[in-house]
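Here is a protein chain to explore together. Take a moment to turn it around on your screen, and then let us walk through it step by step.

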Amino acid sequence: MAQILKGKEVVDAVNEKLRAEVSLLKEKGVTPTLGIIRVGAKVEDISYEKGAIKCAESIGVDVKKYLFKENITQEQLLNVIAAINLDLTVHGVILFRPLPDHIDDNTIRKALLASKDVDGITDQSMAGVYTGTDLGYPPCTPRACIEILDHYGIDITGKKVAVVGRSLVVGRPAAMMVLGKNGTPIICHTKTEDMKDICKSADVLIVSAGQAKTIGPEYLNEGQVVIDVGINMTDEGKLCGDVDFDAAQNIVKAITPVPGGVGRVTTSLLMMHVIDAAKKTI
């Protein structure tokens, strides 16, 4: 049976460190603060928001909410972002997307300061990921993948890492972060030929395919480590990942569960970015 790489263990270790950092900042008169911008009331957005607030409260990070109806105009939203950019008491911002159709996502993303972009949505933050610099912050989900590997002592130096999915949210930045850890990434996507063979030959799989149980036993090998980013709902109403967990745990060396894996770590890393942004204001 595979080792289960539980997110809770990672979260506990990260949060303990973050609480100490928050205490030091507050002694210096700085309270790390996250701004949450939500347009509309999508169930998934509200769910993530509640999780983020709960995590923030447990660490000592303050939260300011900017909640708007879907009929907010693009100009009004740009004015909100401009005000937040100037607000020195708000250190980091997350913006729930996709936005309503009448609002241009590209325009809104460009308006947010990279220094406050704690979830890696701006072009500057993405440039920071690709150049290995501290311009902005990387997306929290791919960073969570790396954090889990580091926590469990899984060294990917020189290892072949297959990344399934090429989105700017997970796949591409994950591949860059693998390079940063001296791994050898291969990005697979819907047009990739021989994807099963590529995945099966990899030492590590990072899967963000966006479809339930896409990765079955024919993609896997013994001794492999699998990081499952997917969050899907089965016909029975249960959460599952992009990997067939039941089959995989009998084959691979280690695997993250869904739920209870990568997702649990992302909000802690979001707080890590907020705290880091707060440090830079001192």
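**A walk through the chain**

The chain holds ten helices and eleven strands; these are DSSP runs numbered from the N terminus, with helices being H or I runs of at least four residues and strands E runs of at least two. Its radius of gyration is 19 Å, close to the 19 Å that the globule rule gives for 282 residues, so the chain is as compact as a globular protein of that length. That radius is taken over C-alpha atoms, and the globule rule is 2.2 Å times the number of residues to the power 0.38. Along its principal axes, the C-alpha trace spans about 50 × 45 × 40 Å.

Before going further, please note that this is a predicted model, in which local features need pLDDT of at least 70 and side-chain atom pairs count only at pLDDT 80 or more, while totals for chains, interfaces and linings use all residues. Residues are numbered from 1 along each chain as its sequence is written, and side-chain values use heavy atoms, with hydrogens and water left out.

How much of the chain is buried? Of the 282 residues, 49% count as buried, meaning under 20% relative accessible area (1.4 Å probe, protein chains only). Among contacts (heavy atoms within 4.5 Å) between residues at least 6 apart in sequence, 71% join residues at least 24 apart.

Now find strand S2, residues 33–39, where seven of the seven residues are buried. Both of its faces are covered: Thr33, Gly35, Ile37 and Val39 lie on one side, and Leu34, Ile36 and Arg38 lie on the other. Which strands does S2 pair with? Strands pair if DSSP finds at least two bridges between them. S2 runs parallel to strand S3 (residues 62–68), joined to it by seven bridges, and arginine 38 stands opposite leucine 67 in S3. Strand S4 (residues 92–95) also pairs with S2 in the parallel sense, over four bridges; here isoleucine 37 stands opposite leucine 95. Together with helix H2 (residues 43–59), S2 and S3 make a right-handed β-α-β unit: with the strands pointing away from the viewer, the path from the first strand over the helix to the second runs clockwise.

Let us finish at helix H7, residues 171–180, where Gly171, Pro173, Ala174, Ala175, Met177 and Val178 are buried. These buried residues pack against helices H5 (123–131) and H6 (140–151), as well as strands S5 (160–164), S6 (184–188) and S7 (204–207). Just after H7, asparagine 182 takes a positive phi of about 65 degrees.

How values were computed. Buried means under 20% relative accessible area, exposed over 50%, partly exposed in between (1.4 Å probe, protein chains only).
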